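Take a look at the protein chain below. This report walks through its fold, from the whole chain down to single residues.

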Amino acid sequence: MQNIANTGLATFRTGTTADRYLRGLVFGFFGLTGVYYWAKDSQSTFWTHLLLPSINRFHIDEEFAHRMAVSWLRKGRGPFDYTSIGSSMTTNVFGKTIDHPIMLGAGLDRDGECMYGCFGMGFSGIEVGGITPQKQAGGGMPRIFRIKVDEAIITRAGTPSRGMAVVSYFLEQYRKWEVVAGYPTESRLIGANVAKNKISDDIVDDARIGVKVLSESVDYLTITLNHPQQLDKRTIPSKRWFEDLVASCHKARAKLPEEHRKPILFKVPLDLHEEEKQIIADVSLQQNVDGLVIGYGTLQRPGMLSFHYLSRQPGILVGRPTREMSTELIKDIYNRTKGKVLIVGSGGVSSGQDALDKIEAGATLLQIHTALVEHGPGVVPSIKRELAAVLQDKGYSHISEAVGKATAS
């Protein structure tokens, strides 16, 4: 009897080639299905204990990782945020009511290819871009450098873009798909970041084209002011230049049908002289600028940045080392504009406390990007939960009560 049992067990373990093949298919199917659902939750340990450590361990190229992320998100294979939050963080902006102020900044979805996947990660808004009028390849390789110990990135990507015509088509197709799928468009924001072509002499003409081409399919536009390549150069050459830029954008918007006239915000870097800060504040008030995006990067190397060899790379620094610089600039501009101009804060936001610091400094909306690279998709629900908790701890019944609170005298 024992021999018969052993023989049967051996046959079960080995079997014919067809049996082994079938068992392999079954085990493989259930194994892959398990991994798929494991990875589908943005807060699962798949991201924090497997994928991100693997990327860091094997030094996967940043550009390759970005292309793979966009590809997966475009196909709807990205993770989802299943976090449920209350109504204490709802934000009314640009004629919509969004669930919370945490948005994805420009840089991940450069061409509007993977908005469905990005929204799935829990963002209330997505800024597509930077988008240039004509297609351009961007800077030479390598052009993105991660400093993991500082949760920072130095980039000289040079705004790679497929051009406004292609991006406009993708945006239109997504808007149509939203309607067909029945998605809650009134609680989501889509923005487009307009940038200058390398071959253009000035941002003014490119910004005007962007307003004309992209306004129909987005909820707001941002215009990137030229970032100087040396610290001794100025972001804003003169008050007259900024006045002309704002007036040109507003004039282009006025020519559009009323339903296509969208808010236009201006994106300013951290490297501003005192005179430039005052120019931005004065012109924003005088010409009723819809908003400012503050803190998207610096050419400086702050003191808290480590002496990592990559920190000597030229380019724009983004991420955690810019956190305090960004918060201080938000507070400064909020005071100069007397809280009358909407501010979108970015730069070093990776926790609920970071988010609240910027909100209390004067930001109504927040954008993250580097934190997503460093911490994975779980950082979005984490920030939301932590922000809700610190708001409650500080006695705020609604997030709107916290805006600009740190500037109150």
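What follows moves from the overall picture to helices, cores, loops and backbone angles.

**The whole chain**

This is a predicted model. The protein chain contains 13 helices and 13 strands. It has 409 residues, and buried ones make up 51% of them. Now take the contacts with a separation of 6 or more. Residues 24 or more positions apart account for 72% of these contacts.

**Helix α8 and the cores**

Helix α8 has 16 residues. Its first and last C-alpha atoms lie 22 Å apart, close to the 22 Å expected at 1.5 Å a residue. Many residue types are found among the buried residues of α8, including Trp-241, Phe-242, Leu-245, His-250 and Arg-253. What covers them? The cover includes the helices α7 (203-214) and α9 (274-286), together with the strands β8 (220-224) and β9.

Two of these residues return in the largest nonpolar core. That core has 75 residues. Which of them touch the most other members? They are Phe-242, Leu-245, Phe-266 and Leu-387. Follow Phe-242 outward. Beyond its neighbours up to four places away in sequence, Phe-242 touches Leu-225, Ile-236, Phe-266, Ile-279, Ile-280, Val-283 and Ser-284. Another core lies apart from the largest one. This other core has 10 residues, among them Ile-98, Leu-265, Leu-342 and Leu-365.

**Helices α10 and α11**

Next comes a helix pair. Helix α10 covers residues 323-336, and helix α11 covers residues 352-361. They pack at an angle of about 20 degrees, with their axes 8 Å apart. Angles under 35 degrees count as roughly parallel, so α10 is roughly parallel to α11. On the α10 side, the contact is made by Arg-323, Ser-326, Thr-327, Ile-330, Lys-331 and Tyr-334. On the α11 side, Asp-354, Asp-357, Lys-358 and Ala-361 take part. How do these residues divide by type? Three are nonpolar, two are polar and five are charged.

Look at α10 on its own. Its 14 residues should span 20 Å at 1.5 Å a residue, and the end C-alpha atoms are 20 Å apart, which agrees. The buried residues of α10 are Ser-326, Thr-327, Leu-329, Ile-330, Ile-333, Tyr-334 and Arg-336. A rule about helices helps in reading such a list. An α-helix has 3.6 residues a turn, so residues three or four places apart point the same way. The cover over the buried residues of α10 includes α9, β10 (291-294), β12 (342-346) and α11. Four of the residues named in the contact with α11 can be looked up in both lists: Ser-326, Thr-327, Ile-330 and Tyr-334.

**Two loop residues**

Is Phe-123 buried or exposed? Its relative accessible area is 3%, so Phe-123 is buried. Phe-123 sits in the loop between α5 (115-120) and β4 (125-131). Leaving aside neighbours within four places in sequence, Phe-123 is in contact with His-100, Ile-102, Met-103, Leu-104, Cys-118, Ile-368, Leu-372 and Val-380. Arg-188 is 65 residues away in sequence, yet the C-alpha atoms of Phe-123 and Arg-188 are 8.4 Å apart in space.

His-260 belongs to the loop between α8 (239-254) and β9 (264-268). Buried means under 20% relative accessible area, and His-260 has 19%, so it counts as buried. Not counting residues up to four places away in sequence, His-260 touches Ser-215 and Glu-216.

**Backbone angles**

Most residues other than glycine have a negative phi, and most peptide bonds are trans. Several places in this chain can be set beside that rule. The table lists two loop residues with positive phi.

| Residue | Phi | Loop | Relative accessibility |
|---|---|---|---|
| Phe-94 | about 55 degrees | between β1 (91-93) and β2 (96-98) | 22%, partly exposed |
| Thr-159 | about 55 degrees | between β6 (152-155) and α6 (164-181) | 27%, partly exposed |

Neither Phe-94 nor Thr-159 is a glycine. Lys-338, just after α10, also takes a positive phi of about 55 degrees.

Which peptide bond is cis? The bond from Gly-129 to Gly-130 is, with omega near 5 degrees. Gly-130 has its place in strand β4.

Terms used: Residues are numbered from 1 along each chain as its sequence is written. This is a predicted model: local features need pLDDT of at least 70, side-chain atom pairs count only at pLDDT 80 or more; totals for chains, interfaces and linings use all residues. Side-chain values use heavy atoms; hydrogens and water are left out. Buried means under 20% relative accessible area, exposed over 50%, partly exposed in between (1.4 Å probe, protein chains only). Contact means heavy atoms within 4.5 Å. The expected span of a helix is 1.5 Å times one less than its number of residues. Axes are lines fitted to C-alpha atoms, for helices over the stretch in contact, and angles run from 0 to 180 degrees between N-to-C directions. Angles under 35 degrees count as roughly parallel, over 145 as roughly antiparallel, 65 to 115 as roughly perpendicular and the rest as oblique. Ala, Val, Leu, Ile, Met, Phe, Trp, Tyr, Cys and Pro count as nonpolar, Asp, Glu, Lys and Arg as charged, and the others, Gly among them, as polar. A nonpolar core is a set of buried Ala, Val, Leu, Ile, Met, Phe, Trp, Tyr and Cys residues joined through side-chain atoms within 4.5 Å.
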